[in-house]
Amino acid sequence: MSHTDASGPARTDPTAALIARLTERGLTLAVAESLTGGALTAELTRPAGASAVVLGGVVVYATELKHTLVGVDAALLAEQGPVHPEVARQLARGVRSALAVGSRPADVGIATTGVAGPDGQGGRVPGTVFLGISHGDVNDAVELALTGTRTQIRARSVDAAVRLLIERLL
């Protein structure tokens, strides 16, 4: 995420603010990433103090790993493919347990799945992204229709995931 503006001084760092608030609330976070390939975990662990909040992240780029590592339903993946809102929900819910520490699951799961391009996948056009979020008994998915290059779509997905965490948790 950009933290400076060419026209003025440094802006508030949304990721650092998120990590600080989650620390105050004693909440832990686990991340499951597909199209972002680890970039979301890197962003969430960038601020000092992130180790109190972020338990870890798993990159499940290969479709089969979404099932074997995080527990996404194999039939769902076979029928719908990896770019689907229910896959995002199951990734977010499943990573909470997959990255449990001392048998305690993470309080929050966040997940990314989608098509960064340049080609489509499974009938989905580049820029189709689903973010999954799981907290308590709530498991939700948000669909994004992003534009830009592959690199821009991945970066915008990370920014949107941080914003989603802020909106839903703070």
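The exercises below, each with a worked solution, concern a predicted model of a protein.

**Exercise 1. Fold inventory**

Task: State how many helices and strands the protein has, and in what pattern they follow along the sequence.

Solution. Step 1: count the elements, which gives six helices and five strands. Step 2: read along the sequence to obtain α-β-α-β-α-α-α-β-β-β-α. Step 3: compare the radius of gyration with the globule rule. The protein has 15 Å, close to the 15 Å given by the rule for 170 residues, so the protein is as compact as a globular protein of that length.

**Exercise 2. Overall dimensions, burial and charge**

Task: Describe the protein by its box, its buried share, its contacts, its surface and its charged side chains.

Solution. Step 1: along the principal axes, the C-alpha atoms fill a box of roughly 45 × 40 × 20 Å. Step 2: 44% of the 170 residues count as buried. Step 3: among contacts with a separation of 6 or more, 61% come from residues 24 or more positions apart. Step 4: the accessible surface is about 7900 Å², and carbon and sulfur atoms hold 52% of that surface. Step 5: there are 15 positive and 16 negative side chains, with the centres of the two sets 3 Å apart.

**Exercise 3. Two helices checked for length**

Task: Compare the end-to-end distances of α5 and α6 with the expected values, then list the buried residues of each helix.

Solution. Step 1: α5 covers residues 85–98, that is 14 residues, and reaches 20 Å from its first C-alpha to its last, close to the 20 Å expected. Step 2: α6 covers residues 150–169; its 20 residues should span 28 Å at 1.5 Å a residue, and the end C-alpha atoms are 29 Å apart, which agrees. Step 3: the buried residues of α5 are Val87, Ala88, Gln90, Leu91, Ala92, Gly94, Val95 and Arg96. Step 4: those of α6 are Ile153, Ser157, Val158, Ala160, Ala161, Val162, Leu164, Leu165 and Leu169. Step 5: for reading such lists, an α-helix has 3.6 residues a turn, so residues three or four places apart point the same way. Step 6: identify the cover over the buried residues of α6, which includes α1, β1, α2, β3, β4 and β5.

**Exercise 4. Leu165 in helix α6**

Task: Decide whether Leu165 is buried or exposed, and find what Leu165 touches.

Solution. Step 1: place Leu165 in helix α6. Step 2: its relative accessibility is 0%. The cut-off for buried is under 20%, so Leu165 counts as buried. Step 3: leaving out residues up to four places away in sequence, Leu165 touches Leu18, Leu29, Leu44, Val108, Ile110, Ile133 and Leu170. Step 4: take Leu18 from that list; Leu165 and Leu18 are 147 residues apart in sequence, yet 7.7 Å apart in space, C-alpha to C-alpha.

**Exercise 5. Two loop residues**

Task: Locate Gly127 and Ser34, and give the burial and contacts of each.

Solution. Step 1: Gly127 sits in the loop between β3 and β4, and Ser34 in the loop between β1 and α2. Step 2: Gly127 is buried, at a relative accessible area of 1%; Ser34 is buried as well, at 6%. Step 3: not counting residues up to four places away in sequence, Gly127 touches Val115, Leu144, Ala145, Leu146 and Ile153. Step 4: with that exclusion kept, Ser34 touches Val60, Tyr61, Lys66, Thr112 and Thr113. Step 5: Gly127 and Ser157 are 30 residues apart in sequence, with C-alpha atoms 9.1 Å apart.

Methods. Residues numbered from 1 in each chain as written. Predicted model: local features only at pLDDT ≥ 70, side-chain atom pairs only at ≥ 80, totals over all residues. Heavy atoms only, no water. Helix = DSSP H or I, 4+ residues; strand = E, 2+ residues; numbered from the N terminus. Rg over C-alpha atoms; globule rule 2.2 N^0.38 Å. Buried < 20%, exposed > 50% of the residue type's maximum accessible area, 1.4 Å probe, protein only. Contact = heavy atoms within 4.5 Å. Areas by Shrake-Rupley, 256 points an atom, 1.4 Å probe, with all protein chains shown as cover. Lys, Arg positive; Asp, Glu negative; His and termini not counted. Charge placed at Lys NZ, Arg CZ, Asp CG, Glu CD. Expected span 1.5 Å × (residues − 1).
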